[in-house]
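User: I would like to go through the binding site with you and ask what stands behind each term.

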Amino acid sequence: MTPQELVVCALDAQKHAYAPYSGFRVGAALLTKGGRVYLGCNIENQSFSPTVCAERVALFKAVSEGETEFEAVAVVGCGRDGVYRPFCTPCGVCRQTLAEFCAPDFKIFFGDDAGACEAHTLSELLPYAFSMAEPTT
Ligand code: THU
């Protein structure tokens, strides 16, 4: 699966975003090392704090089905105006949650509906991730 194909999956996931409060709709597509793709969208709540980001929905779906090894995630997002953010980056909570299961070289693609796809790694986005283990780098 190419990064661009994973972005298309994230755009598919975004269709189910439930974001009546912020109007900001996010989709995520998480690729396992075995080649399966898990989709997630943001799911908001009128009590605000129970809101869950698209990335964590995808990750929790995957882990709850026994997946623990991941290759990459693609993320897309746009506001009420429908204009895609060139860099819809995972929030800090999602980065730390991904770091629980994903290696420093895990790839994160920022995409949009026009074919853009910028690649980063988890260690770029979350240097010095919290860990109770001894640092390896
Ligand atoms: N959101 C995500 O889905 N992923 C992120 O990494 C950051 C933010 C969602 C949460 C909320 O529903 C909306 O975007 C606005 O913050």
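Analyst: On a 1 Å grid over the protein atoms alone, a pocket is an open set of points with protein on both sides within 12 Å along at least five of seven lines, and its lining residues have an atom within 4 Å of a point. The second largest pocket is lined by 13 residues, and Phe-24, Val-26, Asn-42, Thr-51 and Cys-53 lie nearest its centre. This is a predicted model, in which local features need pLDDT of at least 70 and side-chain atom pairs pLDDT 80 or more, while totals for chains, interfaces and linings use all residues. Residues are numbered from 1 along each chain as its sequence is written, and side-chain values use heavy atoms, without hydrogens and water.

User: How do you know where the ligand sits?

Analyst: A molecule sits in a pocket if more than half of its atoms lie within 2 Å of the grid points, and by that criterion the ligand sits in the second largest pocket.

User: What makes the approach of Glu-44 to the ligand a polar contact?

Analyst: A polar contact is a pair of N or O atoms within 3.5 Å; an N or O atom in the side chain of Glu-44 is 2.5 Å from a ligand oxygen, so the pair qualifies. For the side chain of Asn-42 the distance to a ligand oxygen is 2.9 Å, and for a backbone N or O atom of Cys-91 it is 2.8 Å, so these pairs qualify under the 3.5 Å limit too.

Terms used
Polar contact = N/O pair within 3.5 Å; in protein donor to acceptor, adjacent residues only side chain to side chain. 1 Å grid on protein atoms, 1.4 Å probe; cavity = no way out; pocket = protein on both sides within 12 Å on 5 of 7 lines; lining within 4 Å.
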